[in-house]
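Trainee: Got a minute to go through a model with me? I'd like to look at the backbone and at what is buried.
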Amino acid sequence: MGVAPPPSAARRRELADFLRTRRAALRPADLGLADDGRRRRTPGLRREEVALDAGVGVSWYTWLEQGRDVTPSPQVLDALARTLRLDQAEHAHLFHLSGVSRPVDGGGYPREAPRELAEIVDALRPHPAYLLGPRLDILAYNPAAALVLHDLVAAPPGRRNLLWWLFGTEWSETPGWHETARANLADFRAEYARRPGDESFVDLVTELSATSPAFRDWWTEHDVRAYEPTRKTIPHARLGPLALHQLQSVPAGHPELRLRILVPADEATRAALG
């Protein structure tokens, strides 16, 4: 039995294979190049053609395809993705294999729910379901979620935000708030780091820091590894505390969004939501 290569070496080998297959899938005409009449030993573009179009050195690009230990910059990876005509998923895969964090366009995330996801959220009733944006704004919710989340979804659009609900209300006096609040803050913190300088993210942090001592203290800890509990208790002014199981998923085609579904975790909650 052979010895598996270390993860870094295995990833470089995957990157090399990925680049070679994408290069082989293209023709000179794809880059607007004329056929020079020279016989090609292998199908697709030559390495020098890829390197020239992407604006990188031929030797350096060759090292990438040989699986050598080199780390390209995000700008170079973007140039290679353009040259190799990668789609969105392939572009993200290129960054992952290179071990490089992909920058995010500060304004390039949905402020509204995509229509098909809004329809899915509505169709999930009678179970409460809602859709979150990267800033933890509520983008869509169904009637069951409106009942469970009550004042959150009743808030004006600018305040229809999970962090405002957690840190700007009386949630902190209820069981389970600590774990839920820290987990959602950690999730937001990771998104904040991916969008440095985004005005809407910065404004939210500034406002919550001025409003909530807990937010202000926890924000300085830079925690990005807390996990949202799968069972939680949500306070409800009319129905009392609701014990719920939560499932969170990432919708296909919209990796910046989060779909959450809630189901009763005990008989009392099931009866209350009946």
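Mentor: First a term: helices (H or I, at least four residues) and strands (E, at least two) are DSSP runs, numbered from the N terminus. This is a predicted model, where local features need pLDDT of at least 70, side-chain atom pairs count only at pLDDT 80 or more, and totals for chains, interfaces and linings use all residues. Residues are numbered from 1 along each chain as its sequence is written, and side-chain values use heavy atoms, with hydrogens and water left out.

Trainee: OK. What phi does Gly55 take, just after H2?
Mentor: A positive one, about 75°.

Trainee: And which residues of H2 are buried?
Mentor: In H2, residues 47-54, these are Glu49, Val50, Ala51 and Ala54. Buried means under 20% relative accessible area, exposed over 50%, and partly exposed in between, with a 1.4 Å probe and protein chains only.

Trainee: Switching to phi elsewhere. What is the sign of phi at Leu136?
Mentor: Positive, about 65°, although Leu136 is not a glycine. Most residues other than glycine have a negative phi, and most peptide bonds are trans. Leu136 sits in the loop between E1 and strand E2 (138-141).

Trainee: Is Leu136 buried or exposed?
Mentor: Buried, with a relative accessible area of 3%.

Trainee: What about His222, buried or exposed?
Mentor: Exposed, at 51% relative accessible area. His222 also has a positive phi, near 55°, and is a residue other than glycine. Its loop runs between helix H12 (213-219) and E3.

Trainee: You mentioned peptide bonds. Which one is cis?
Mentor: The bond from Arg125 to Pro126 is cis, with omega near 20°. Pro126 lies in the loop between helix H6 (115-123) and strand E1 (129-132).

Trainee: On to E3. Which of its side chains are buried?
Mentor: Lys232 and Ile234, which point to one face of E3 (residues 231-234). Arg231 and Thr233 point to the other face and are not buried. In a regular strand the side chains alternate between the two faces of the sheet.

Trainee: How many bridges does E3 make with E4?
Mentor: E3 and E4 (residues 242-249) pair in the antiparallel sense over 4 bridges. Two strands pair if DSSP finds at least two bridges between them.

Trainee: Which residue of E4 stands opposite Lys232?
Mentor: Leu244.

Trainee: Last one: where is Gly158?
Mentor: In the loop between helix H8 (151-154) and helix H9 (162-167). Gly158 is partly exposed, at 47% relative accessible area. The C-alpha atoms of Gly158 and Asp137 are separated by 8.4 Å, and the two residues are 21 residues apart along the chain.
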